[in-house]
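The following exercises call for the sequence and the coordinates side by side. Please attempt each task before reading its solution.

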Amino acid sequence: MSNIQLIIEERAANIGNFMVGRLLPFRQKRMLGPFSFIDHMGPTQLSERDNLDVLAHPHIGLSTLTYLFEGSMMHRDSLGSALEIKPGEVNWMTAGKGIVHSEKTPEYLRHSDKVLHGLQIWVALPKELEQMEPSFVHVGKEELPTWNEGETQFTLIAGKAFGRASAVPVYSPLYMIEVKSKEKTTLSLGDQLFGESGIYILEGGIEEDGNTFGPKQLLVSRDHSLCTFTMEANTTIYIFGGEPFPEERFINWNFVSSDKSLIEKAKDDWINQRFDKIAGEENEFVPYPSLTNR
């Protein structure tokens, strides 16, 4: 019997001047463990006239995780952080009670051709930490646990799994794992994972119980064991999961919380510009979209 409960196809979404493939939230699956939002960015070719310019916008109640495959982005936030992220690195920004950030093409790339490709993810915070102080952490490629099993390479991007722990400071039991196969290989993850679990196929394909799946699909499993599946040669997948929260999470625009009143307060604070600002970007921001309520 197949262990795949749900197949989620990428859906096109616009994040300003940039199109992404949205995986979560989905009408039949709002969250996967603590993961509340997953966007696949690109791969997009940007000319010398085109740049990523996601202006200052707020968040509450979550941590954001940015992981690039190709290209570069400049992160700035209201804490004073200003840092370029490159492929294989992790930007982990915890909004807590409120933070503002922007993401743009770095200045030195703005007048040349470039590629942008990666994942942008929201991880909801536990209820007792939803109003914690905001923070920002950058984790270098060399700080992420990486190991090989035969011709298959594993990288633990966030959380704990396989007896290893990532340097990304998560706040609840979770995991995000990159798996790359050079040759056709069969994996049996068994009881090495926990909570809810899913596989996102970036490239290549996998076969499970006689069924074949390809790129841009998120496969949500019936349970965390994921049973056994076969990766084709030159396949890259991402395994997401962890313990779900007992309380429902509400999402309105960029705000996530178990308490709707906190979302309403954040909405009012943003409309009336009571959030802290990004130095040098005080007059550049994304207005609250009045009809957004998702």
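The exercises below proceed from the whole chain to one strand and then to one residue; the model is predicted.

**Exercise 1. Overall dimensions**

Task: Determine how the radius of gyration of the chain relates to that of a compact globule with 294 residues.

Solution:
- Step one takes the expected value: for 294 residues, a compact globule would have a radius of gyration near 19 Å.
- Step two takes the value of the chain, which is 19 Å and therefore agrees with the globule rule.
- Step three adds the extents: along the principal axes, the C-alpha atoms fill a box of roughly 55 × 45 × 35 Å.
- Step four turns to burial and surface: 57% of the 294 residues are buried, and the accessible surface is about 12900 Å², with 48% of it belonging to carbon and sulfur atoms.

**Exercise 2. Secondary structure and the annotated domain**

Task: State how many helices and strands the chain has, and describe the composition of residues 24-123.

Solution:
- The chain as a whole contains one helix and 25 strands.
- An unreviewed UniProt entry places the feature "domain: Pirin N-terminal" at residues 24-123.
- Within residues 24-123, helix accounts for 0% and strand for 59%.
- The end C-alpha atoms of that segment lie 11 Å apart.
- For contacts in the chain between residues at least 6 apart in sequence, 71% join residues at least 24 apart.

**Exercise 3. The pairing of strand E4**

Task: Identify which strands are joined by bridges to E4, and in what orientation.

Solution:
- E4 covers residues 35-46, and nine of its 12 residues are buried.
- Strand E3 (residues 19-24) runs antiparallel to E4 and is joined to it by four bridges. Arg 22 has Asp 39 in E4 as its bridge partner.
- Strand E11 (residues 114-124) is also antiparallel to E4, with nine bridges between them. Here Lys 114 in E11 stands opposite Leu 46.

**Exercise 4. The surroundings of Ser 36**

Task: Decide whether Ser 36 is buried or exposed, and list the residues that it touches beyond four places in sequence.

Solution:
- Ser 36 is located in strand E4.
- The relative accessible area of Ser 36 is 0%, so this residue is buried, the cut-off being under 20%.
- Leaving out residues up to four places away in sequence, Ser 36 touches Leu 24, Pro 25, Arg 30, Met 31, Trp 122, Val 123, Ala 124, Ile 251 and Val 256.

Definitions and conventions:
Residues are numbered from 1 along each chain as its sequence is written. This is a predicted model: local features need pLDDT of at least 70, side-chain atom pairs count only at pLDDT 80 or more; totals for chains, interfaces and linings use all residues. Side-chain values use heavy atoms; hydrogens and water are left out. UniProt positions are given in the numbering used here, feature names are shortened, and annotations may be inferred rather than shown by experiment. Helices (H or I, at least four residues) and strands (E, at least two) are DSSP runs, numbered from the N terminus. Buried means under 20% relative accessible area, exposed over 50%, partly exposed in between (1.4 Å probe, protein chains only). Two strands pair if DSSP finds at least two bridges between them. Contact means heavy atoms within 4.5 Å. The radius of gyration is taken over C-alpha atoms; the globule rule is 2.2 Å times the number of residues to the power 0.38. Accessible areas come from the Shrake-Rupley method with a 1.4 Å probe; for residues, only the protein chains shown count as cover.
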